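Please open the model in a viewer and keep the selection panel at hand. The tour below proceeds by selections, each followed by a description of what is found there.

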Amino acid sequence: MPAGQPGGMSQVPAEPSAPPPHTPPPGQPDPRAAPGGRVGGAPPSGPAAAWGPQAPGGPGYPPSAGRPPVGAPLSPSDESRWALLAHLSIPFLGFAGPLVVHLVFQDRSRWLGESALEGLNFSILYTLVMSASALLTVLLIGFALLPVAFIASLVLAVLAAVAASRHELYRYPVNGRLVR
């Protein structure tokens, strides 16, 4: 027995740990895994057990309580509200209001996308008329055309907003379909 070793047993350095005898290919579930996705050990408990081992915000976790998931369809009242705002913004903001509504909501509501697109086409025409009227102020005729164009666009925008509140698609009587 060598000196300094109790019981006469010699210590052999441990070999590096080898992988388990069966390792599934990457991306494949381990057949030894428990339903919660764990290999061996106790199953998870508590609120996290219902959702599995994913990271917060990942798949398997519920959406946050305050906001609907991105891309969720809009309710009819929300559709009408956004269409109403898109149409009423035309005389004051030009094409900015309908453009933003169209770009943000076109994938979430077909009706709202079409309604905002109709408003966008009218707002482009309105912007062109207002620009031409502003240029014609040099000839003094623009001073008469500016208020007429504004009042006409306001009346048509209110008619479109009333139709949007009834969830109807409004077609402006004077409109160039430049954007499709």
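**The aromatic cluster**

Select Phe122, Tyr170 and Tyr172, which together form one aromatic cluster. Please note that the model is a predicted one. The structure holds four aromatic pairs.

Narrow the selection to Phe122 and Tyr172. Their rings form a stacked pair, with 4.2 Å centre to centre and 0° between the planes. Phe122 belongs to helix 4, whereas Tyr172 lies in the segment after helix 5 (142–165), so the pair ties together parts that are 50 residues apart in sequence. Phe122 has a relative accessibility of 5% and therefore counts as buried. Tyr172, with a relative accessible area of 3%, is buried as well.

Now replace Phe122 with Tyr170 in the selection. How are the rings of Tyr170 and Tyr172 arranged? Their centres are 5.2 Å apart and their planes stand at 85°, so this pair is edge-to-face. Tyr170 is buried, as is Tyr172.

**Helix 4 against helix 5**

Return to Phe122 and extend the selection to helix 4 and helix 5. These two helices pack at an angle of about 170°, and their axes are 9 Å apart. Helix 4 is therefore roughly antiparallel to helix 5, as angles over 145 degrees count as such.

Show the side chains at this contact. On helix 4, the residues to select are Trp111, Phe122, Tyr126, Val129, Met130, Ser133 and Ala134. On helix 5, they are Gly142, Leu145, Leu146, Ala149, Phe150, Ser153, Leu156 and Ala164. Phe122 thus appears both in this contact and in the aromatic cluster. Colouring by class gives twelve nonpolar, three polar and no charged residues in the contact of helix 4 with helix 5.

**Helix 3 against helix 4**

Keep helix 4 (residues 110–135) and add helix 3 (residues 96–105); their axes come within 8 Å and cross at roughly 155°. This angle makes helix 3 roughly antiparallel to helix 4. The crossing of helix 3 with helix 4 is left-handed.

Which residues of the two helices meet? From helix 3, select Pro98, Leu99, Val101, His102 and Phe105. Their counterparts in helix 4 are Leu112, Gly113, Ala116, Leu117, Gly119, Leu120 and Ser123. By class, the contact of helix 3 with helix 4 comprises eight nonpolar, four polar and no charged residues.

Definitions and conventions
Residues are numbered from 1 along each chain as its sequence is written. This is a predicted model: local features need pLDDT of at least 70, side-chain atom pairs count only at pLDDT 80 or more; totals for chains, interfaces and linings use all residues. Side-chain values use heavy atoms; hydrogens and water are left out. Axes are lines fitted to C-alpha atoms, for helices over the stretch in contact, and angles run from 0 to 180 degrees between N-to-C directions. Helices (H or I, at least four residues) and strands (E, at least two) are DSSP runs, numbered from the N terminus. Angles under 35 degrees count as roughly parallel, over 145 as roughly antiparallel, 65 to 115 as roughly perpendicular and the rest as oblique. A crossing is left-handed if the near helix is turned anticlockwise from the far one by less than a right angle, and right-handed if clockwise. Contact means heavy atoms within 4.5 Å. Ala, Val, Leu, Ile, Met, Phe, Trp, Tyr, Cys and Pro count as nonpolar, Asp, Glu, Lys and Arg as charged, and the others, Gly among them, as polar. Rings of Phe, Tyr and Trp (its six-membered ring) pair if their centres lie within 6.5 Å; planes under 30 degrees apart count as stacked, over 60 as edge-to-face and the rest as tilted. Buried means under 20% relative accessible area, exposed over 50%, partly exposed in between (1.4 Å probe, protein chains only).
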